[in-house]
Amino acid sequence: MPPVNRIADFAEDMTAWRRWMHQNPELQFDCHKTAAFVVEQLRGFGITEIHENIATSGVIAIIEGQGAGPTIGLRADMDALPILEATGKDYASQTEGKMHACGHDGHTTMLLGAARYLAETRNFAGRVALIFQPAEEGGGGAGVMVEEGVMERFDISSVYALHNAPGVAEGSFYTTPGPIMAAADTFHIHVTGQGGHGAYPHECKDPIIAGLGICNALQSIVSRDRKGLEDLVVSVTQFHSGTTDNVIPDTAYINGTVRTFDSGVQEMVIERMQAICDGHAAAFGVEVVFEFEKGYPPTINHAREAGFAAAVARDVAGEAMVVEDAEPEMGAEDFSYMLQARPGAYLFIGQGDSAGLHHPEYDFNDAIAPIGASFFARLVETAQPLR
């Protein structure tokens with residue numbers, strides 16, 4: 001089954017919505033202008049139950065179907081990134097240093113397209129909760145919404161989300177049961193020694209030598225401490241120390257990221273990193289302070305819902321355009337919090353050839369918006385059919 005004809009009919013409107021949002025990017029929880037635009041469209045569709053200012057600037061709208069039934073949640077993220085846009089498009093960001101470099105403008109557009117269709121047809125039982133979320137990029141807006149009780153308040157029984165995928169065939173889908181994206185954690189290591197003249201290192205306690213040893217030892221966690229079938233990434237991404245060529249500094253700073261799918265592996269990493277830091281502190285006579293910040297948890301699809309969503313995607317895009325056993329990715333998503341609270345699934349929709357996510361030349365492919373909107377609409381109609 002191709003994209004829904006009625007949704008295809010207003011593809012030009014969807015492009016206009018998306019490009020307006022692209023011109024007006026907002027960061028983290030400060031998505032008030034975007035939220036106001038979303039509310040304006042929803043009211044124009046005839047949707048009357050609209051709840052604003054959730055998680056600061058989030059919006060949840062309810063569409064009533066025909067007859068009793070559960071409430072299915074559909075989520076789109078609204079926030080942009082602090083990146084200087086380099087697309088050169090005539091609808092490029094009008095705010096220097098901010099751009100929609102991850103396609104959240106497209107995600108919001110797809111959900112608006114589904115909302116327009118569902119509000120017109122109401123060919124389903126129960127209700128739909130349209131979740132327009134701020135602060136996916138680092139703010140954990142999904143977690144804040146869950147903490148504010150949206151699942152209970154709106155009696156949401158299941159929840160689904162889509163994300164575009166550059167470099168994947170236009171209009172195709174992929175997902176998988178179980179982990180699909182990793183937990184994203186951050187570590188900070190502060191090394192304090194005793195600085196001095198570079199010509200007299202014996203009078204110093206060199207934090208650089210200790211820090212380099214720590215960096216090398218951290219790489220042994222992946223190669224020597226994890227089981228071969230467990231997925232794990234430990235990456236040192238910053239090392240700062242010193243100011244000039246003839247001075248041994250007092251301090252060094254090490255920073256990086258850890259990506260895991262399993263909480264047991266995560267705890268093993270924390271223990272090993274602490275032991276490595278303690279050992280190097282003793283070996284080099286320096287002070288080492290280790291800090292580990294747990295970020296978004298892994299995004300774990302529920303098996304039944306992932307299989308169901310893949311079947312709906314096949315109805316929209318065709319058998320050959322859907323992969324339902326994709327390999328998990330080491331990126332992270334705060335939709336993980338919603339999947340901890342309710343059963344559901346997270347899917348990717350192919351964007352075709354384009355610059356990668358978070359790249360200054362990235363732009364969402366407007367051609368896939370009607371496909372994504374059709375997926376959301378068919379998901380509701382299939383999950384909650386009229387009897």
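This is a short presentation on the fold of one protein chain, given from a predicted model.

Good morning, colleagues. Let me begin with the chain as a whole. The protein chain holds 11 helices and 16 strands. Its C-alpha trace extends over about 80 × 45 × 40 Å along the principal axes. Of its 387 residues, 54% count as buried. The accessible surface is about 15900 Å², and carbon and sulfur atoms contribute 49% of that area. As for contacts with a separation of 6 or more, 82% are between residues 24 or more positions apart.

I turn now to the sheet. Eight strands form an open sheet with mixed pairing, and their order is β1-β2-β4-β3-β5-β16-β6-β15. The edges are β1, residues 49-54, and β15, residues 322-323, each of which pairs on one side only. Against this sheet packs helix α3, residues 32-44, which touches β1, β2 and β4. The direction of α3 makes about 175° with that of β1.

Let us now move inward from β1. Strand β2, residues 58-64, runs antiparallel to β4, residues 127-133, and 6 bridges join the two. Within these strands, Ile62 stands opposite Ala129 of β4.

On the other side of β4 in the strand order comes β3. Is β3 mostly covered or mostly open? It is mostly covered, for 7 of its 7 residues are buried. The burial concerns both faces: Thr71, Gly73, Arg75 and Asp77 lie on one side, with Ile72, Leu74 and Ala76 on the other.

Which strands pair with β3, and in what sense? The pairing with β4 is parallel and extends over 7 bridges. The pairing with β5 is also parallel, with 5 bridges. Ile72 takes part in both pairings: its bridge partner in β4 is Val128, and its bridge partner in β5 is Ser158.

The connection from β3 to β4 deserves a word. Between these strands the chain passes through helix α4, residues 104-121, and the resulting β-α-β crossover is right-handed.

A further helix, α11, residues 369-383, lies across β3, β4, β5, β6 and β16. Relative to β3, residues 71-77, helix α11 runs at about 165°.

Next, I should like to consider how α4 packs against another helix. Two packed helices are described by the angle between their axes and the distance between the axes. For α2, residues 11-23, and α4, the angle is about 145° and the axes are 9 Å apart. Their crossing is right-handed. On the α2 side, the contact is made by Asp13, Met14, Trp17, Arg18, Met21 and His22. The residues contributed by α4 include Asp105, Thr108, Met110, Leu112 and Arg116. Helix α4 therefore appears twice in this account, in the crossover and in the helix pair. 

Finally, I draw your attention to a single residue, Thr299. Thr299 lies in strand β14, residues 299-301. Why does Thr299 count as buried? Thr299 counts as buried because its relative accessibility is 0%, and the cut-off for burial is under 20%. Beyond its neighbours within four places in sequence, Thr299 is in contact with Gly178, Pro179, Ile180 and Met181, and also with Glu333, Ser336, Leu339 and Tyr346. Of these partners, Tyr346 falls in β16, residues 344-352.

Thank you for your attention.

Methods: Residues numbered from 1 in each chain as written. Predicted model: local features only at pLDDT ≥ 70, side-chain atom pairs only at ≥ 80, totals over all residues. Heavy atoms only, no water. Pairing = 2+ DSSP bridges. Helix = DSSP H or I, 4+ residues; strand = E, 2+ residues; numbered from the N terminus. Contact = heavy atoms within 4.5 Å. Axes fitted to C-alpha atoms, helices over the stretch in contact; angles between N-to-C directions. Buried < 20%, exposed > 50% of the residue type's maximum accessible area, 1.4 Å probe, protein only. Right-handed = clockwise from strand over helix to strand, strands pointing away. Areas by Shrake-Rupley, 256 points an atom, 1.4 Å probe, with all protein chains shown as cover. Left-handed = near helix turned anticlockwise from the far one by under 90°.
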